[in-house]
Number of protein chains: 2
Amino acid sequence: MKSTINAKDVAKLAGVSQSSVSRVYFEGAKVSKKTRQKVLAAAEELGYRPNEFARSLITNRTKIIGLVMKGVQNPFYPQVLTQFTASFKKFGYSILFVHTNSDEIQTEDIETLLNYNVAGVVITDATMSLNVAESFRANQIPLVFFNRKLSRSNFYSVCCNNLSAGRAIAEYLIAKGSKDMAYISGNENTSTSQEREEGFSEVVTQHNLNFKKYSSDYTYEGGYKTTLAIMEEEALPSAFFVANDIMALGVMDALRKKEIQVPAQVKVIGFDNIGMSSWPAYELTTWEQPIEKMVEETVTYLLAEMIDYTGTAEAVEVDGVFVERKTT
Amino acid sequence: MKSTINAKDVAKLAGVSQSSVSRVYFEGAKVSKKTRQKVLAAAEELGYRPNEFARSLITNRTKIIGLVMKGVQNPFYPQVLTQFTASFKKFGYSILFVHTNSDEIQTEDIETLLNYNVAGVVITDATMSLNVAESFRANQIPLVFFNRKLSRSNFYSVCCNNLSAGRAIAEYLIAKGSKDMAYISGNENTSTSQEREEGFSEVVTQHNLNFKKYSSDYTYEGGYKTTLAIMEEEALPSAFFVANDIMALGVMDALRKKEIQVPAQVKVIGFDNIGMSSWPAYELTTWEQPIEKMVEETVTYLLAEMIDYTGTAEAVEVDGVFVERKTT
DNA sequence: CTGAAAGCGCTTACAG
DNA sequence: CTGAAAGCGCTTACAG
């Protein structure tokens with residue numbers, strides 16, 4: 001059964017004890033230069049590679065981060081995935097990727113994460129029932145909700161400043177002279193859609209104006225269909241605030257189909273600043289989510305918690321940036 | 001140090017031996033119904049979960065698949081990632097996600113995969129030097145190149161029928177009356193771009209026609225810039241065959257910017273059939289890559305190799321489908 | 001700084 | 001079918 005080279009083999013060749021071999025590969029352990037050299041030489045010759053499973057078994061910790069994602073269709077998320085992978089890699093952590101279809105992550109989806117005793121977990125774009133989340137706490141596995149807040153929860157979350165972004169966007173549109181605006185929401189049970197709307201609504205109301213709200217689902221098709229439906233049944237507003245970019249592109253394509261001029265007849269503002277927003281076919285005004293900073297916040301927290309678990313709950317918000325293009 | 005429940009704890013509570021507990025959780029082992037029930041009841045009460053690391057240590061195998069990806073910017077790849085994750089999940093395998101920036105995967109990128117002794121590896125959209133690939137063979141870890149062929153290699157690869165797709169596209173354009181066509185390539189060192197061009201070229205030559213070739217890079221920006229440059233310096237061809245969809249969208253946006261009518265003045269054909277191709281702003285004619293079937297081929301091969309490693313090399317090709325829309 | 005030894009939580013021949 | 005025991009490849013007190 002034994003097929004691979006182990007520390008014992010290396011020890012024999014190097015003429016040292018197995019413990020010494022182990023110490024060479026264990027960060028923080030003390031070994032003399034001479035021993036280290038002998039071990040490394042022998043290891044090189046034999047092609048030795050420490051067995052991660054034996055390590056994890058004994059240290060009870062891993063260098064694996066569980067990353068749970070939903071809806072990879074939105075180009076925002078591949079970016080997030082890439083950033084996390086790159087960022088964790090710097091610290092020697094690998095990514096166990098879990099994809100879920102449902103808005104609320106199911107127990108079976110995260111069973112794997114517990115089985116592999118991951119060092120930390122990032123949940124993007126999805127929520128999970130509190131008692132599932134609690135099972136991570138019970139195992140002292142730090143957990144971050146990325147781009148989602150759980151209401152009434154005591155878990156750490158990292159988001160963009162959705163509320164003030166919503167406010168800023170309303171201020172901007174009103175300053176541009178819009179009086180009858182509309183909000184096209186994402187999935188209504190998401191904190192992101194709710195907060196963007198809330199901030200928007202607040203400012204609109206302050207100015208004694210109203211806005212219509214249309215419910216959609218964060219997808220291109222959703223934005224497209226919602227807009228077509230609006231055009232069939234009622235007058236267009238002077239501006240759409242759309243809960244994310246990919247939907248906003250659908251909105252624009254629907255308007256284009258009916259030959260409505262943007263921004264002359266209708267203004268459109270999205271959210272995220274995905275790559276496509278700057279494509280000449282769209283040139284979408286939007287609110288940029290600072291992915292890099294958001295990822296950094298998440299990684300920093302997780303690394304700290306891995307060293308000394310506290311289970312602190314906090315709802316971190318990172319400031320985004322308004323990006324003005326040609327749709328407003 | 002001992003914080004979690006182990007098989008011994010369960011054994012004690014259930015009044016059986018630790019071996020029996022192990023057998024309940026080890027597929028294929030024989031246990032009586034009575035024992036199983038006692039064990040499961042005790043495990044439930046204690047919240048027992050078998051330690052994957054101890055398992056892997058002893059069996060010398062894992063339920064982890066290494067998935068190496070490059071260029072998640074192209075929406076084709078998130079789809080691939082999702083499919084693989086879903087497909088492997090059915091068989092109890094998890095995905096260790098590795099992202100690489102370079103066309104050729106570096107040793108350090110795959111160090112992790114060897115350290116975790118993954119059960120199998122999928123490399124998408126990238127190549128690796130043969131001696132890096134050989135280190136997987138040395139460890140009897142099955143490996144598939146997905147959507148890439150390695151020339152002169154003896155590794156398994158799964159691709160779309162790029163060559164015949166290129167031919168079919170040339171036939172189609174010629175039948176439509178195109179005489180002066182152009183091919184916009186992806187990164188020239190990729191087998192996919194080469195084969196699509198080769199098939200295309202073959203048929204064009206058979207018809208005693210010529211085509212121009214422009215070199216690009218598989219990105220939206222590449223397609224956009226390449227097309228702008230063409231328009232500045234020379235006459236437009238009557239049709240573009242573009243090596244992938246995301247570039248083709250860039251081509252279309254460049255044409256749109258100069259108010260060139262598609263397909264009236266220029267026809268455009270892409271490759272992949274990504275979601276955006278069907279957007280009203282584009283309605284791109286393209287060649288659909290059968291992701292599902294390609295993933296299935298890959299998974300089937302890997303699962304078989306995990307049971308009985310042979311290291312068979314084969315270049316599997318899965319048939320794609322021509323999708324006609326409004327750009328031709 | 002180094003080595004011998006215990007032990008992490010499992011699987012798996014081996015007896016019974 | 002079940003249990004006692006060996007062993008997977010490491011880390012880590014404990015002596016020296």
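A residue is taken to be near a molecule or strand if one of its heavy atoms lies within 4 Å of it. By this rule, 28 residues surround DNA strand C, and those that come nearest are Arg23(A), Ser32(A), Thr35(A), Ile58(A) and Ser22(B). The structure is a predicted model, in which local features need pLDDT of at least 70 and side-chain atom pairs count only at pLDDT 80 or more, while totals for chains, interfaces and linings use all residues. Residues are numbered from 1 along each chain as its sequence is written, chains are lettered from A and ligands numbered from 1 in the order in which they are written, and side-chain values use heavy atoms, with hydrogens and water left out.

Let us stay with the DNA for a moment. Of the atoms of DNA strand C within 4 Å of the protein, sugar or phosphate supplies 60%, and bases supply the rest. Several polar contacts reach these bases; the term denotes a pair of N or O atoms within 3.5 Å, and within protein one must be able to donate a hydrogen and the other to accept it, with residues adjacent in sequence counted only if both atoms are side-chain atoms. Arg23(A) places a polar side-chain atom 2.6 Å from a base oxygen of DNA strand C, and a polar side-chain atom of Arg23(B) lies 3.1 Å from a base nitrogen of that strand. The side chain of Ser19(A) has an N or O atom 3.0 Å from a base nitrogen of DNA strand C.

DNA strand D likewise has 28 residues around it, and Ser22(A), Arg23(B), Ser32(B), Thr35(B) and Ile58(B) come nearest. Here sugar and phosphate make up 60% of the strand D atoms that come within 4 Å of the protein. An N or O atom in the side chain of Ser19(B) is 3.0 Å from a base nitrogen of DNA strand D, and a polar side-chain atom of Gln18(A) is 3.4 Å from a base oxygen. The backbone also takes part: a polar backbone atom of Ala7(A) sits 3.0 Å from a phosphate oxygen of DNA strand D.

How are the two protein chains related? A turn of 180° and a shift of 0.0 Å along the axis lay chain A on chain B with an RMSD of 0.0 Å (least-squares superposition on the C-alpha atoms of residues with pLDDT of at least 70 in both). That is the relation of a two-fold axis. The same surface serves both copies, as 100% of the contact residues of chain A recur in chain B. Contact, meaning heavy atoms within 4.5 Å, takes in 47 residues from chain A and 47 residues from chain B. Together the chains bury about 4,300 Å², 64% of it on carbon and sulfur atoms (accessible area, 1.4 Å probe, that two parts lose on being put together, summed over both). Between chain A and chain B there are two salt bridges, each a side-chain nitrogen of Lys or Arg within 4 Å of a carboxyl oxygen of Asp or Glu. Arg49(A) and Glu111(B) form a salt bridge with an N to O distance of 3.1 Å.

Within chain A, an automatic or database domain assignment gives domain 1 (7-50), domain 2 (64-159 + 291-320) and domain 3 (162-288). The C-alpha centres of domain 2 and domain 3 of chain A are 28 Å apart. Eleven residues of domain 2 of chain A touch 17 residues of domain 3 of chain A, and about 1,100 Å² is buried between them, with 44% from carbon and sulfur atoms. One salt bridge is found across this interface.
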